[in-house]
Amino acid sequence: MAKILWLNWSGGGNLPPSLGVARVLTARGHQVAFAGRPEMVPRVKTAGFRAIEITDAYKQVDHYPQGHFMTRAACYLTSPAVEAQVKAIVSAEKPDIVLIDAMFPAALAQAPSFTQPKAVFVHTFVFRQLDMWRRMLATLDGMRQQAGFAGLPALDALWPANDRIISTSVAAFDAAPLPGWEMVRHAGPVLEDEKFAVPTPLPWPETDTTPLVLVSFSTGFEQRNVDKVQRALDALAELPVHVVATTGGIVAPNELACPPNAIVLNYAAHDPIIRRAALVMTHGGHGTAMRSLLHGVPMVVIPGLAGDQPFVAAAVAEFGAGIALPGDASSPAMREAAQKVLGTPSFAEQAKRCSVVLSSVDGAANAADEVEALIRGKNSAGAPLTGNPGLQCQRVA
């Protein structure tokens with residue numbers, strides 16, 4: 001049995017797959033604890049894991065540029081106070097292995113001082129958007145320097161210095177690997193629902209043949225956008241569809257004008273809904289996109305503020321499994337895209353083709369295998385774990 005410490009960024013697309021991997025590791029007899037910002041703690045405890053609060057998460061927030069939507073996040077992710085507390089937590093916990101979120105530069109900067117094996121978790125593509133990752137970490141570091149603190153190393157020093165980079169995506173969907181990045185392993189998607197996302201009865205019987213559309217945008221508070229959800233509801237109001245919109249608790253249902261053909265829920269388990277759906281309208285979070293493709297459901301993707309979402313949108317369009325729109329797409333543009341996807345069989349056909357890639361992949365188990373290999377001090381040599389790495393999704397001509 002190993003003691004595992006996860007230094008976590010509890011973003012909407014980061015914490016759920018981390019919990020999914022932790023669940024497998026726990027079932028195999030290991031102890032997993034998460035250390036993260038105060039907002040993480042109740043979510044981790046609800047999932048049944050030990051949570052260590054980084055109490056200095058926002059200790060230096062007043063130094064950071066004010067009025068930016070990422071001010072608090074940048075403080076948590078990069079500040080010297082968090083660096084010091086992370087180092088103290090690792091020293092006190094004495095874990096057998098340290099797992100670090102790829103978006104957590106303060107923890108990554110301290111990783112060389114840890115004597116334990118270390119793995120970086122990337123909960124989306126690696127190579128499709130490596131330059132974006134570089135820019136994102138540089139932006140966070142720029143905010144740290146604006147706060148008056150010394151700069152941190154760049155991504156190319158922070159990520160590859162660790163024993164593994166574990167991507168919870170599949171190699172068949174990512175770009176080609178780069179020389180010198182042999183430490184990257186593609187485990188596959190980890191589609192974990194948090195405890196508060198429970199199966200929810202819908203008002204329409206399963207025998208109803210009216211197409212069902214799921215609207216699901218970001219669950220990260222930094223990306224709260226009431227207007228975007230309303231635009232989506234307005235876009236679908238005039239179509240002959242049923243609509244389920246889930247807001248992840250960051251937009252209250254009573255903030256929205258809900259049309260007669262729709263229901264708005266704070267939380268709901270997505271799998272039962274997507275299994276019935278003909279279309280998913282989403283922000284392009286990697287988890288939601290992979291869940292849609294797993295069930296062979298095409299998408300209209302309207303990216304939010306997270307850096308990877310335009311790349312997920314572009315991938316969905318490249319596969320022919322949906323349409324990508326700009327983040328500020330109007331209701332008429334959303335309506336037109338939804339009509340095109342619903343009315344063109346090739347989108348659903350390509351989504352089903354992509355589902356074949358995902359159907360045999362257990363991302364949580366594969367990621368846990370990589371963690372256990374590091375704990376044993378062995379390399380899991382060979383091709384990345386992808387299920388069927390030779391099967392690609394081709395763009396529709």
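User: What makes strand 1 (residues 3–7) count as largely enclosed by the rest of the structure?

Analyst: Happy to go through it; bear in mind that this is a predicted model. Buried means under 20% relative accessible area, and 4 of the 5 residues of strand 1 are buried, so the strand is largely enclosed by the rest of the structure.

User: How do you know that strand 1 and strand 2 (residues 31–36) pair, and in which sense?

Analyst: Pairing asks for at least two bridges between the strands. Strand 1 and strand 2 have 5 bridges, so they pass that test, and their sense is parallel. As one example, Lys3 lies opposite Gln31 of strand 2. Between the two strands the chain goes through helix 1 (residues 15–27), forming a β-α-β crossover that is right-handed.

User: What joins strand 1 to strand 4 (residues 97–101)?

Analyst: There are 4 bridges between them, and the strands run parallel; with a threshold of at least two, the two strands therefore pair. Leu5 stands opposite Val98 in strand 4, while the bridge partner of Leu7 there is Ile100.

User: Why is strand 4 called mostly covered, and which residues lie on each of its faces?

Analyst: Here 5 of its 5 residues are buried, each being under the 20% cut-off. One side carries Ile97, Leu99 and Asp101, the other Val98 and Ile100, and with all of these buried, both faces are covered.

User: Which partner does Ile100 have in strand 5 (residues 118–122), and how many bridges link strand 4 to strand 5?

Analyst: Ile100 has Val120 as its bridge partner in strand 5. Strand 4 and strand 5 pair in the parallel sense over 4 bridges. The chain reaches strand 5 from strand 4 by way of helix 5 (residues 105–110), and this β-α-β crossover is right-handed too.

User: How do you know that the length of helix 4 (residues 80–93) is close to what is expected?

Analyst: The expected span is 1.5 Å times one less than the number of residues. For the 14 residues of helix 4 that gives 20 Å, and the reach from first C-alpha to last is 20 Å, so the two are close. Its buried residues include Val82, Val86, Ile89 and Val90. Just after the helix, Lys94 takes a positive phi of about 50°.

User: What makes Ser169 buried rather than exposed?

Analyst: Its relative accessibility is 0%, and since buried means under 20%, Ser169 qualifies. Ser169 sits in the loop between strand 6 (164–167) and strand 7 (184–186). Beyond its neighbours within four places in sequence, its contacts include Thr124, Phe125, His186 and His286.

User: Why can the buried residues of helix 11 (residues 309–319) be said to line one face?

Analyst: These residues are Gln309, Val312, Ala313, Ala315, Val316 and Phe319. Viewed down the helix axis they fall within an arc of 160°, so they line one face. As background, an α-helix has 3.6 residues a turn, so residues three or four places apart point the same way. The buried residues of helix 11 pack against helix 10 (286–294), strand 12 (299–301), strand 13 (322–324) and helix 13 (345–359). Gly320 follows the helix with a positive phi near 80°.

User: What is the confidence of the model, and where does pLDDT stay under 50?

Analyst: The chain has a mean pLDDT of 90, and 91% of its residues reach 70 or more. Over residues 379–397, however, pLDDT stays under 50, and the model has 42 contacts beyond four places in sequence for them. Where pLDDT is low, the predicted coordinates should not be read in detail.

Key
Residues are numbered from 1 along each chain as its sequence is written. This is a predicted model: local features need pLDDT of at least 70, side-chain atom pairs count only at pLDDT 80 or more; totals for chains, interfaces and linings use all residues. Side-chain values use heavy atoms; hydrogens and water are left out. Buried means under 20% relative accessible area, exposed over 50%, partly exposed in between (1.4 Å probe, protein chains only). A crossover is right-handed if, with the strands pointing away from the viewer, the path from the first strand over the helix to the second runs clockwise. pLDDT is the predictor's confidence in each residue, from 0 to 100. Contact means heavy atoms within 4.5 Å. The arc is that of the directions from the helix axis to the C-beta atoms.
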